[in-house]
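Welcome to this guided tour. Open your viewer, turn on the cartoon view, and follow along one selection at a time.

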Amino acid sequence: MNRYALIFLVNTFFFSACQVISLEKPEDVIYKGQDYTVYKDRVTQGRFVAEAVSPTRITSNYKSPANQRYPRNIEFKFSLNGKDNELPAGVNHHLVLRPENGRVVAPVITFGQADAETPASAPKDFLEPNTELLIRVDMRHVLKSFEEKGYYESYDGSRLAASDFRGVWVAGNAAPLTWDFENLPSRSQFQLKDPDEDGIYETSIILNAYDPDNFNEKEWVLGQDISGLPAYTSDQLLVDALYNMSLEEMLLNIRQDSAFMAGEKWEGVWTRDISYSILLSLAMVAPDIAKKSLMHKVRNGRIVQDTGTGGSWPVSTDRTTWALAAYEVYLFTGDREWLAKAFEIISASVADDQKVIFDKRYGLARGESSFLDWRKQSYPRWMGPVDIYESLNLGTNAVHFRTYQILALMAEDLGMEATAYIEQSERIKDGINAYMWMEEKGYYGQYLYGKHFLSLSPRSESLGEALTVLFGIAENDRATSVVENTPVLNYGVPSIYPQIPGIPPYHNDAIWPFVQAYYTWAAARTNNTEGVNLGMNSLYRHAAFFLTNKENLVAHSADYRGTELNSDRQLWSVAGNLAMVYRILFGMEMRPEGIYLSPIVPMEYGGKRTLSNFTYRNARLTIEMEGFGNEIASFAIDGVVSKEPLIPAGLSGTHTITIRLADRRLPDARINLLNNHFSPDVPDIEVRPARMTWKGKSEKYIIIRNGSRVEEVKGNDSWKLDSAGAYRELSVVALDKAGVQGFQAEPLAIYSDHKVMIIEAESQGITTSTDLSGYTGKSYREISKEKNRSLDYTIQVPRTGNYLLDIRYSNGSGPVNTDNKCAIRSLYVDGAYQDALIFPQLGYEEWSTWGYSNKVAVNLSEGTHMLMLRFDPHNENMNGEVNRAMIDHIRLIPLEY
């Protein structure tokens, strides 16, 4: 090596070293996570770099590694009509894919017949891209059963009528296959066909699809005119650029009718999406569009519950998120006409809710988890729409609590009586704190669930946890505890924790940026800098790498590929990104008297920041801030010092607000940073003579009797039943080696059949149809808005006591997982209103599929009573036209013998 070459190498080394040193300057590092680092102008993770070149341009070389880790061995099973009805839970078909010329032809599998053995595959052996798989299933015995019996009986005894058969689909664990059975009928690529009518159905699917154009290095360059929106500048170029990108994506999410769509893939206006987004930040950025969007979700003077499990409301019951947004718009605009209109809509909606969805025992609202509305993603597999209706969810009840608070505030502002609203809000708050708080964990449980007797699921539900802090349900030390103890992961806050085994990422095993934004906001409220740092910086990591605000991410990898569904520029993710500036760094809180500022700025985010062109009511503001911490050293409006950090609601004209923070570092705080974890699976239980037995793989189980823990057993697969004659419910919960609980098994109701009263729908001289199959007695009775709006039955009760009343019914108006045609009726006993009876959808055009409604507890004295099913105004569903079911029989089960 000559001297010049040596000099060149030495200079190159020192130049490279200087570059590395400059990259790692401590003042440039904002946050250092376990796997990634956030700098003032970029994010790095291994070889991936996303860099803010300017406030209007970001580059990223992120490439999803998902194709490199696609498994060669896959699991799948078949489905009739989009239901999990081929084999028992956990029993799947298996294949090891060894393609020849890019294709795998699977052997013909007989529907309902389990594999003889499970093939093995090397754990580091991955599938070649763009492999075509031909899947075939032998349906001849199913078709023969349809022809000879008129139905096919599945492994669990459920029957599908021949007239209801719609087709056979395939579900599985390897993308694009999915275990989402209920959405299969809408995905034609997973339906198997029989073109030659030989009874062998087949379809071809491309696995490990790879398109190199989807993995090119990308950049975001501002293309929309955002000059009319609030502008943000700071010493952190990355934050400035992501703020501008989020403003642009907000504009791109405005439809031609001036309402917000939910995201690039979701053109509809969704009640909860727009509401959570408006509350986070969009009321401050686009209040007029927020109003128009909210009014899109009003019909007949009531808030619309979007399509949901079993036919929407009242199984899904979080429509009052609308109230959170509507009040925020009022606080920001001061529009009293809007206040009066919103109050009328919200009060009419909750008046219906009062009669239909509230559980008298707990004082809480029934219904599906707010936002977690894909039932198998957050509920055990045995829970159907009726079970979900009867459950009591944390996040949904937090929303209802705040709704009644808002109604009280609105009523007082309008000069109306507010006492009833205040009392109802306190009942909900008391119920949450009494029945859902887990002292040993330091946060709230996800929901109360079961059958008649309810148990608390100890999973965390991150959105609900955050809302309890933000709305004041968790107060003082309890609020601090919630933020400190809610499970978080390296890449952010998972929607639930622990994860559910066998369910692919979407709500389960996933991070949603908008949920993370609410957690970060709650962390700021409790001055938890650790929570603020993790929440804000991981959110910036995701948006920078993907150059958009994605809908969700896989929890363990923070990759956008691998989730069941995903969309760019998801509205509430956009709103969450903007909220980091408004809600965290400036600490904006809307109040009737003005905007109160309580900033929390991590030391690494110190320096200067300016929010200009910020329009608040009749004022145009420039807000300048300098420093870090959460203590305001000085606050001035146009140079005039104010003792209170409040921008008055009556301010008008152009003004400059200057804020100097005290540069005092906040005390150390802690968060519950964990590795991702999956709970044990749900055991399958049954009753045998004098014993309850179960099947599972855990070493320990908890016995649940009537919703309460009885004892913990080791290594047993059965438990001796007591001889008590009263109605009781038994269940089992599996524990893993770490002591983590899974979901409880479907509770077994044990009672004497001979003491159950059955009142057939066709009894007492009623003439009905017999077109369907599978009903009991001689026929059934149709109820709709036109037919049988009131049904009366006279019954003889043999003994005074408490009874559980439910109704066997069918509802083929829509699928189990979506639509809006849940049938509803009011139950009266001797003229006195008892509760609502709901009849959720059980499958599209599956009128011969029967199930039971929710159970209503009634106290009956010995003798004659009149039962009435009546269609009342508060029984209107979200469809408004179709409110229909077939009634087979009424069942009365005595609770005491």
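Two residues are in contact when they have heavy atoms within 4.5 Å of each other. With that in mind, take in the whole chain of this predicted model. Among contacts between residues at least 6 apart in sequence, 72% join residues at least 24 apart.

**The whole chain**

Colour by secondary structure, and you will find 15 helices and 58 strands. The radius of gyration is 29 Å, close to the 29 Å that the globule rule gives for 897 residues, so the chain is as compact as a globular protein of that length. Along the principal axes, the C-alpha atoms fill a box of roughly 95 × 80 × 55 Å. Now switch on the surface: its accessible area comes to about 35,400 Å², with 49% of that belonging to carbon and sulfur atoms. Of the 897 residues, 59% count as buried.

**Stop one: aromatic rings**

Show the side chains of Phe, Tyr and Trp; the structure holds 50 aromatic pairs. Start with Phe111 and Tyr152, whose ring centres are 5.9 Å apart and whose planes meet at 75°, so this pair is edge-to-face. The two rings link distant parts of the chain, 41 residues apart: Phe111 is in the loop between strand E9 (109-110) and strand E10 (131-138), and Tyr152 is in strand E11 (residues 151-153). Both Phe111 and Tyr152 are buried.

Next, select Phe514 and Tyr518. Here the centres lie 6.2 Å apart with the planes at 90°, so this pair is edge-to-face as well. Where do Phe514 and Tyr518 lie? Both are in helix H13 (residues 513-525), 4 residues apart, about one turn of the helix. An α-helix has 3.6 residues a turn, so residues three or four places apart point the same way. Phe514 counts as buried because its relative accessibility is 0%, and Tyr518 counts as buried at 0% too.

Now widen the selection to Tyr276, Phe371, Trp374, Tyr506, Trp512, Phe514, Tyr518, Trp521 and Trp572, which ring pairs link into a cluster.

**Stop two: charges over rings**

Select Arg42 and Tyr39: Arg42 lies over the face of Tyr39, 4.0 Å from the ring centre. Then jump to Arg459, whose charged end sits over the ring of Phe743, 4.1 Å from its centre.

**Stop three: helix H12**

Select residues 477-485, which form helix H12. Its buried residues are Ala479, Ser481, Val482, Val483, Glu484 and Asn485. What covers them? Look for elements including helix H11 (462-470), H13, strand E28 (487-488) and strand E40 (672-673).

**Stop four: an alternating strand**

Move on to strand E56 (residues 856-860) and show its side chains, which alternate. Val856, Val858 and Leu860 point to one face and are buried, while Ala857 and Asn859 point to the other and are not. Add strand E52 (residues 801-810): 5 bridges join E52 to E56, and the two run antiparallel. Leu805 stands opposite Val856 in E56.

**Last stop: a proline in a loop**

Finish at Pro176, in the loop between strand E13 (168-172) and strand E14 (191-192). Is Pro176 buried or exposed? Neither quite fits: at 38% relative accessibility, Pro176 counts as partly exposed. Measure from Pro176 to Ile206: they are 30 residues apart in sequence and 7.9 Å apart in space, C-alpha to C-alpha. Leaving aside residues up to four places away in sequence, Pro176 touches Tyr70, Phe190, Ile205, Ile206 and Leu207.

Methods
Residues numbered from 1 in each chain as written. Predicted model: local features only at pLDDT ≥ 70, side-chain atom pairs only at ≥ 80, totals over all residues. Heavy atoms only, no water. Phe/Tyr/Trp six-rings, centres within 6.5 Å; stacked < 30°, edge-to-face > 60°. Buried < 20%, exposed > 50% of the residue type's maximum accessible area, 1.4 Å probe, protein only. Lys NZ or Arg CZ within 6 Å of the ring centre and 35° of its normal. Rg over C-alpha atoms; globule rule 2.2 N^0.38 Å. Areas by Shrake-Rupley, 256 points an atom, 1.4 Å probe, with all protein chains shown as cover. Pairing = 2+ DSSP bridges.
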